[in-house]
Structures are given as C-alpha cells and as structure tokens.
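Here is a friendly walk through a model of two chains. Have the sequence and the coordinates open as you read.

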There are 2 protein chains.
Amino acid sequence: MLTIGSLGKKTGTKVQTIRYYEQIGLMPEPGRTEGGQRRYGDDEVDRLSFIRHARQLGFPLEAIRELLDLSDNPDRSCHEADSIARRQLKQVELRMDRLKALRTELKRMIHECSGGNTADCKVLEVLRDHSECLTDHDAIGA
Amino acid sequence: MLTIGSLGKKTGTKVQTIRYYEQIGLMPEPGRTEGGQRRYGDDEVDRLSFIRHARQLGFPLEAIRELLDLSDNPDRSCHEADSIARRQLKQVELRMDRLKALRTELKRMIHECSGGNTADCKVLEVLRDHSECLTDHDAIGA
DNA sequence: TCTAAATGTTCTAGCTGCTAGAGGTTCAAG
DNA sequence: CTTGAACCTCTAGCAGCTAGAACATTTAGA
C-alpha cells in the first residue's frame, strides 16, 4: 500500500494534483488508515499513470474522463477512443498551424528591428499597425 | 467619442474584456458621461488595437504592459522591445517543438488502431503503457 | 414628452488545471 | 516516547477572460 506521497513519486504527480483529481472524480476515493490518511494500491497507480500520460499528450481532463470510461469497459467499441484521439490530433495540428503563422510574424518583426530608440522600433510599429502583417494570426487562446 | 460597445466592435474586443483591461491597469480609466458611462477617444482605440494585436501574437499581458510602456516613451532604447519579442519567439518555438512530438505520438496511436473493441484498442494501450512511446512528450502546460 | 429597447453600470462567480499556504494531525524511525 | 516528515482539510490564487444578476442610462420612435 502506498501513501499519497509515494504514489506521487511513482507517477510524477504532485500530491495536491492527486487530491485534485480525486475531488473532480477522476481518481476514486481511496481507502484510508484509521488516522484518515489515503492509501493506494496498484490499480490506482495504473489509473494515475494513464491520466498523466494522457495529460502529457495534451488531452484535456474531460477527454481523459471519457477515455478512462472506455478503458473500464473492455467490450465497448474502440471507435470512440479512436475518435477522441483524432479530435486531439486535430487540436494539436490547429495549434501548430497558428504557431507557425505567429513565428513567421515574430521573426519578421525582429529581423527588421535595426536598433535605435523606440520611436522607430519596428517591433512596436508592427504591433501598432496590424495592416503590416502578412499572415492571419488569431492566436488568442491558442 | 465612442461607447464601450463601439470601441469593442472597432477593435474586436468584448466589452467585458475592455473593462477587465481597465481593471488590471492595461487600459486607462476613460472619461465618463454624467450618467457614468465610459466614453473613449482615438488614443484608446489605438491602445486597445495594440493590445489586441499583441495578444493575437501570443504575448502575455505582462509583456504587453512592458511593450506599452516602451511605446509610451519614444526615447528609450528599442533593444528592450526587441528582447521581449525574441522571448516570445522562443516561447512559440518551444511550444511548436512540443506539439510536433505530440503529433507524432498521436498519429502513431491512431494509425495502429484497427477497430474492434476497447480490450485491444491501441489508443488505450499506448496510454496505459508509457514505455511504448517513442518520443519525449512532456506537454503538460504547453 | 413619454416610453421601450438597447446598451450601459457594478459585482460576483466561473472556466482549466493545477499550485501554494495556513493551521492542524498522523505516522514511523530511533 | 519523542521528533520530524509527511499527511489532513480548507481556502485562495494563477492567466485571461466570460457570463450572469440586478439595476441605471441613453437614444430613437410614437
């Protein structure tokens, strides 16, 4: 049986984060000692590893909740898990496209900066005048 | 003189967002009508456009605060604005690298999914067993 | 001039995914 | 039996907004 601290170490998760996952129902309520401390078994190690791995792949917690659900029901169709992953892939590709446009614009901004004072700073000028931009970069919230 | 709504329309900003910017000191407190409604002039249109444009380029609000500061002082060195932009470029490139690794992994996951039921779903399997991953993808918070 | 709709106001709370701190309790080694 | 590390709960905070409640003002038409 593991304490919350050891579970955290084993899975690379902060203690607070584990409690948070429990709070939002992503991790089950574990058994407790008489004194009220949490104790975990192998199942919980697996579950938390799964969650962490999915997080590393950028899946939002709600998607992970669905994936865990699917994982808990081995007789359901693989199709759903597949489509969640595809959705995530799309998100990643979308963000990449946006970042690519941003990078282009930022590079151009910096490249054209010749030093001197801010009165004729290219960086500030570009920010002031959107019409100088070549790409569509609506990255807010990207 | 513009109402907050018209300013919002002109700059593509939600009304609440403008008030939020005022609250955190990014936008100045504007003049008010006798009844207490905000009224804006051209300066504010420029300033808000600047902010929005920088947000579209992914600059965090604190960086934008610095950029606005620089923009307000035309005799200061351009160097600072340049280094803020370079910092932002680095962030963007870092995020792109991470996303690239994610995309690789997600594609592999999906590609190997053959349909069937979740018991032998590749997507879930990969999530369960980190050792199957080829790339380092520590994207949490990316 | 009156009225009604549109837009404005403040205040509070919520979103994601944690993270940190206060103030107190339990556990395990020595 | 003591001590100190690790645990407990609870609350609040981060970015960057967004939404809603409950009320006031403005403006255009009748």
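## Helix 3 of chain A

In this predicted model, helix 3 of chain A buries E44(A), R47(A), L48(A), F50(A), I51(A), H53(A), A54(A) and Q56(A). Buried here means that 20 or more other C-beta atoms lie within 10 Å of the residue's own; exposed means 12 or fewer, partly exposed is in between, and C-beta atoms are placed from the backbone. Helices (H or I, at least four residues) and strands (E, at least two) are DSSP runs, numbered from the N terminus. What do the buried residues of helix 3 pack against? Their partners are helix 1 (4-11), helix 2 (15-23) and helix 4 of chain A, together with helix 6 of chain B. Contact between two residues means that their C-beta atoms, placed from the backbone, lie within 7 Å.

The 15 residues of helix 3 of chain A should span 21 Å at 1.5 Å a residue, and the end C-alpha atoms are indeed 21 Å apart. An expected span is 1.5 Å times one less than the number of residues in the helix. D42(A) is part of helix 3 of chain A and counts as exposed because it has 9 C-beta neighbours inside 10 Å. From D42(A) to G31(A), 11 residues away in sequence, the C-alpha distance is 13 Å. After helix 3 of chain A comes G58(A), which has a positive phi, near 85°.

A note on conventions: residues are numbered from 1 along each chain as its sequence is written, while chains are lettered from A and ligands numbered from 1 in the order in which they are written. As the model is predicted, local features need pLDDT of at least 70 and side-chain atom pairs count only at pLDDT 80 or more, whereas totals for chains, interfaces and linings use all residues.

## Helix 4 of chain A

Helix 4 (residues 61-72) of chain A has 12 residues and reaches 16 Å from its first C-alpha to its last, close to the 16 Å expected at 1.5 Å a residue. Its buried residues are I64(A), L67(A), L70(A) and S71(A). They cover an arc of only 120° around the axis, which puts them on the same side of helix 4 of chain A; the arc is that of the directions from the helix axis to the C-beta atoms.

Which elements does that buried set pack against? In chain A they are helix 3 (42-56) and helix 5 (78-111), and chain B adds helix 6 (122-128). On the face of helix 4 of chain A turned away from its buried side sit the exposed residues E62(A) and D72(A).

## An annotated stretch

The unreviewed UniProt entry carries the annotation "domain: HTH merR-type" for residues 1-70 of chain A. UniProt positions follow the numbering used here, feature names are shortened, and annotations may be inferred rather than shown by experiment. Over residues 1-70, chain A is 60% helix and 6% strand, with the end C-alpha atoms 26 Å apart.

## How the two chains meet

The contact takes 52 residues from chain A and 53 residues from chain B. On the side of chain A that touches chain B, the elements giving two or more residues are helix 3, helix 4, helix 5 and helix 6 (122-128) of chain A. Helix 5 of chain A supplies the largest share of that side, 20 residues. By type, the residues on that side of chain A divide into 25 nonpolar, 15 polar and 12 charged. Ala, Val, Leu, Ile, Met, Phe, Trp, Tyr, Cys and Pro count as nonpolar, Asp, Glu, Lys and Arg as charged, and the others, Gly among them, as polar.

A turn of 180° and a shift of 0.0 Å along the axis lay chain A on chain B with an RMSD of 0.2 Å. The two copies are thus related as by a two-fold rotation axis. The superposition is by least squares on the C-alpha atoms of residues with pLDDT of at least 70 in both copies. Of the residues of chain A, M96(A) comes closest to the rotation axis, at 3.0 Å (C-alpha). Since 100% of the interface residues of chain A are also interface residues in chain B, the copies meet through the same surface.

## Some residues of chain B

F59(B) sits in the loop between helix 3 (42-56) and helix 4 (61-72) of chain B. Is F59(B) buried or exposed? With 24 other C-beta atoms within 10 Å, F59(B) is buried. Leaving aside neighbours within four places in sequence, F59(B) is in contact with A54(B), I64(B) and Q88(B).
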